[in-house]
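Okay, everyone, let's get the picture up on the screen. I'll talk you through how the two chains sit together, so keep an eye on the middle.

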There are 2 protein chains.
Amino acid sequence: MAAEFVEGERLDEVTLAARFSVSRTPVREALHALAASGLVETLPRRGVFVRYPSFIKLVEMFDVMAELEAMCGRLAARRITEEELERLEAAALACESAMERGDADEYYRENERFHHVLYHASGNSFLAEQSSRLHKRLQPFRRLQLRVRGRLRQSMQEHRDVQKAVAAGDAEGAARGLRRHISIQGENLKDLMANFARYHQRTMPQKP
Amino acid sequence: MAAEFVEGERLDEVTLAARFSVSRTPVREALHALAASGLVETLPRRGVFVRYPSFIKLVEMFDVMAELEAMCGRLAARRITEEELERLEAAALACESAMERGDADEYYRENERFHHVLYHASGNSFLAEQSSRLHKRLQPFRRLQLRVRGRLRQSMQEHRDVQKAVAAGDAEGAARGLRRHISIQGENLKDLMANFARYHQRTMPQKP
DNA sequence: GTCAATGTTCTTGTATACAAGAATCACATT
DNA sequence: AATGTGATTCTTGTATACAAGAACATTGAC
């Protein structure tokens, strides 16, 4: 049996149906949903193929994410409510405490909270939805690069700066801080990938 | 027979299947695709309902579009190729000529070209894809507001400004121009909606 | 008269059977 | 030997049959 869910692999409907003991119909629906979210690619009359984003696409996605988050920050600085501001501070503090305890998982969770509060504080529900979507899609790669030496402390400082700018109503400062915060993640990803490539020969090639 | 594709209407699988002389299966697939693109909403075990974006959501979408286009412009100003620049100019000129002839359809088509060239010239394929997606989703509402008095001439001038900024490599100028270009569309939409509401009593209510 | 419970009907979700297009392999021809 | 053509097989796309859950109506009780 071939390894599963590896880049470029073809997902056979009947095989998957048998594997999960259901008929082809729900499998098809699930695959279509995956295709809509971009994780797999359907070629008409050919089948569906798992498709990890190429390295280049990943960097592009981080660039767009940086801009979306910057927009969230810019709007949030003007529109955030008192209650949301408190939640933002709480998340930032929880991040800090998690970092001091060296609890990466906890840091990760509170980091999520921090960003989602900002998305909603933008007051633009469509923007919040799009940001969450992309955030989720980049999740595994973001998580990966928390391993970079000293990244936790640096990331936390960036959160602090953003939170202060938002609290002060400094729209452009918040935007700048967030754009930078995400861009750095993209940059770190490049470093990780370079190392990964050195050790594993290949990065993440595009589909066959 | 009820009016079709009106806000909140339920789309019955068997009815649609009969209407287009196919079985329920392809109808279901089509409805799922529509749900993924956000044009309809599926309630589990209840059915799918047409769902026009609410007025507020529409404005939010235009705001995000403005930011995405601005990002495209900023990148394009730095990355555009000679060939793409020529196509951008050609589209702008075609817009101008269409306007002078008063050919709204032609203007509309060339306007599409203009923007799509910019998306691709950004050199960020993910950004281009997302921009195209949202652009398409806003299409009917953009088209609507070309009717605003004097909008065509104004829009054309904005295109000119953007094209010049891109040609000059002025990233921030291009970004500003595009953000403004789209924002104006959002503002005009508000005016149109206000009038629409005055004459028709209701705007576009959220689903039942 | 109103409310609740139960049964009927209607609609979606799932399984399976069938059709049509794509890939592959064999064989023939150049 | 290489390439093109045809047949076979495999896989997706579509149709239909069946099951299960939701809405609705009817009937009974308070």
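So, Ala36(A): of the residues of chain A, this is the one that comes closest to the rotation axis, with its C-alpha at 3.1 Å. Bear in mind that this is a predicted model.

What do I mean by an axis? Two copies of a chain are related by a rotation about an axis and a shift along it. Here, a turn of 180 degrees and a shift of 0.3 Å along the axis lay chain A on chain B, with an RMSD of 0.4 Å. That's how a two-fold axis relates things.

Now, the contact itself. Chain A puts in 22 residues, and chain B puts in 22 residues. And 100% of chain A's interface residues are interface residues in chain B too, so the copies meet through the same surface. About 1,900 Å² is buried between chain A and chain B, and carbon and sulfur atoms give 53% of that.

What about charges? Across the interface there are 6 salt bridges. One of the salt bridges you can look for joins the side chains of Arg28(B) and Glu29(A), 3.5 Å from N to O. On chain A's side, helix 2 (24-37), helix 3 and helix 6 each give two or more residues to the surface touching chain B.

Last stop, the largest nonpolar core. It has 40 residues, and Leu134(A) and Leu134(B) touch the most other members. Helices 3, 6 and 8 of chain A and of chain B each supply at least two residues of this core. Zoom in on Leu134(B) and you'll find, among its contacts, Phe126(A) and Met61(B).

Methods:
Residues are numbered from 1 along each chain as its sequence is written. Chains are lettered from A and ligands numbered from 1 in the order in which they are written. This is a predicted model: local features need pLDDT of at least 70, side-chain atom pairs count only at pLDDT 80 or more; totals for chains, interfaces and linings use all residues. Side-chain values use heavy atoms; hydrogens and water are left out. A nonpolar core is a set of buried Ala, Val, Leu, Ile, Met, Phe, Trp, Tyr and Cys residues joined through side-chain atoms within 4.5 Å. Buried means under 20% relative accessible area, exposed over 50%, partly exposed in between (1.4 Å probe, protein chains only). Helices (H or I, at least four residues) and strands (E, at least two) are DSSP runs, numbered from the N terminus. Contact means heavy atoms within 4.5 Å. Copies are superposed by least squares on the C-alpha atoms of residues with pLDDT of at least 70 in both. Buried area is the accessible area (1.4 Å probe) that two parts lose on being put together, summed over both. A salt bridge is a side-chain nitrogen of Lys or Arg within 4 Å of a carboxyl oxygen of Asp or Glu. Lists of a residue's contacts leave out its neighbours within four places in sequence.
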